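These are my notes from a first pass through one structure. I looked up one item at a time and wrote down what I found.

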Amino acid sequence: MAVGNELQSVVNFVKTMYPTAKIIKQNVLDAGVAGTFIVRLLTSDTESETLYHMRRNRDYQIVYYGTTVEDVLTKIDVLERKAMNNIVIPITGSLRYIRVEGFSFGMPFKTESGVDVALGVLQTTVREARDQKTYDKIMHVYARIER
């Protein structure tokens, strides 16, 4: 899976909850506009599990710019509850899922432009098969029975 596809899957997850909100990928705004989410990859860590699989631990930062502290806390809290209740996020264009490991957020603060903002971190895991060497298929197999 490509990290861009997984990032888009997280964006789609947020969009299902807040379809009218503006959602921006990867770019943090200097002066946020109320009603805007920013979803960006924060960290990525790949670990070997077996000879055939690896585990990709990725943290996504979700920033929400709101009108009031209550608005910001409510939106981030609802997002946290949905992520933790769903446990998985469907990967766009795939039958696979991103597993939600945790969600945390800090106290909202006010930007210089006067917009309230909160930062949340969505911790996720995806298990992925390693690339394996492929072999030619055996086209015909005949049984020879000897008596």
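I began with the outward side of helix H2, in what is a predicted model. The face of H2 turned away from its buried side carries Glu70, Arg81 and Asn85, which are exposed. I then turned to the other side and listed the buried residues of H2: Asp71, Val72, Ile76, Leu79 and Ala83. They cover an arc of only 115° around the axis, so they sit on the same side of H2.

I checked the length of H2 next. The helix runs over residues 69–86, which makes 18 residues, and reaches 26 Å from its first C-alpha to its last. That is close to the 26 Å expected at 1.5 Å a residue.

What covers the buried residues of H2? I found that the cover includes helix H1 (3–17) and the strands S2 (36–48), S3 (53–66), S5 (97–105) and S7 (116–129).

I looked at what comes after H2. Ile87 follows H2 and is found in the loop between H2 and strand S4 (88–90). Its phi is near 70°, a positive value in a residue other than glycine. Ile87 is partly exposed, at a relative accessible area of 42%.

Entry on H1. I compared its span with expectation: the 15 residues should span 21 Å at 1.5 Å a residue, and the end C-alpha atoms are 22 Å apart, which agrees. The buried residues of H1 are Glu6, Leu7, Ser9, Val10, Val11, Phe13, Val14 and Met17.

I picked Ser9 out of that list. Is Ser9 buried or exposed? Ser9 has a relative accessible area of 2%, so it counts as buried. I looked for polar partners of its side chain and noted two. The side chain of Ser9 reaches the backbone oxygen of Asn5 at 2.8 Å. A polar atom of the same side chain lies 2.8 Å from the backbone nitrogen of Thr92. Not counting residues up to four places away in sequence, Ser9 touches Ile89, Pro90, Ile91, Thr92 and Ile98.

Entry on the nonpolar cores. The largest one has 26 residues, and those with the most contacts inside it are Val14, Phe37, Val39, Ile62, Leu79 and Leu122. I noted which elements give two or more residues to this core: H1, S2, S3, H2, S5 and S7. H1 supplies the largest share, six residues. Apart from this core lies another of six residues, among them Ile24, Ile38, Tyr65 and Val115. In soluble globular proteins, nonpolar side chains tend to be buried together.

I followed two of the core residues further. Phe37 touches, among residues over four places away in sequence, Val14, Tyr18, Ile62, Lys75 and Leu79. Val39 lies in strand S2 and is buried, at 0% relative accessibility. With residues up to four places away in sequence left out, the contacts of Val39 include Leu7, Val10, Val11, Val14 and Ile62.

Gln26 also touches Val39. The two are 13 residues apart in sequence and 6.0 Å apart in space, C-alpha to C-alpha. I looked up Gln26 separately: it lies in the loop between S1 and S2. Its phi is positive, about 65°, although Gln26 is not a glycine. With a relative accessible area of 37%, Gln26 is partly exposed.

Entry on strand pairing. How do S1 and S2 run? Strand S1 (residues 22–25) and S2 run parallel and are joined by four bridges. Within this pair, Ile23 has Phe37 of S2 as its bridge partner. S2 and S3 pair in the antiparallel sense, over twelve bridges. They form a hairpin with four residues between them. I noted one position in this pairing: Ser48 stands opposite Met54 in S3.

My last entry is on Thr111. It is found in the loop between strand S6 (109–110) and S7. Thr111 is buried, with a relative accessible area of 18%, and the cut-off is under 20%. Its side chain makes a polar contact with the side chain of Ser113, at 3.0 Å. Leaving aside neighbours within four places in sequence, Thr111 is in contact with Tyr65 and Val117. Tyr65 appears above as one of the residues of the six-residue core.

Methods:
Residues are numbered from 1 along each chain as its sequence is written. This is a predicted model: local features need pLDDT of at least 70, side-chain atom pairs count only at pLDDT 80 or more; totals for chains, interfaces and linings use all residues. Side-chain values use heavy atoms; hydrogens and water are left out. The expected span of a helix is 1.5 Å times one less than its number of residues. Buried means under 20% relative accessible area, exposed over 50%, partly exposed in between (1.4 Å probe, protein chains only). The arc is that of the directions from the helix axis to the C-beta atoms. Contact means heavy atoms within 4.5 Å. A polar contact is a pair of N or O atoms within 3.5 Å; within protein, one must be able to donate a hydrogen and the other to accept it, and residues adjacent in sequence count only if both atoms are side-chain atoms. A nonpolar core is a set of buried Ala, Val, Leu, Ile, Met, Phe, Trp, Tyr and Cys residues joined through side-chain atoms within 4.5 Å. Two strands pair if DSSP finds at least two bridges between them.
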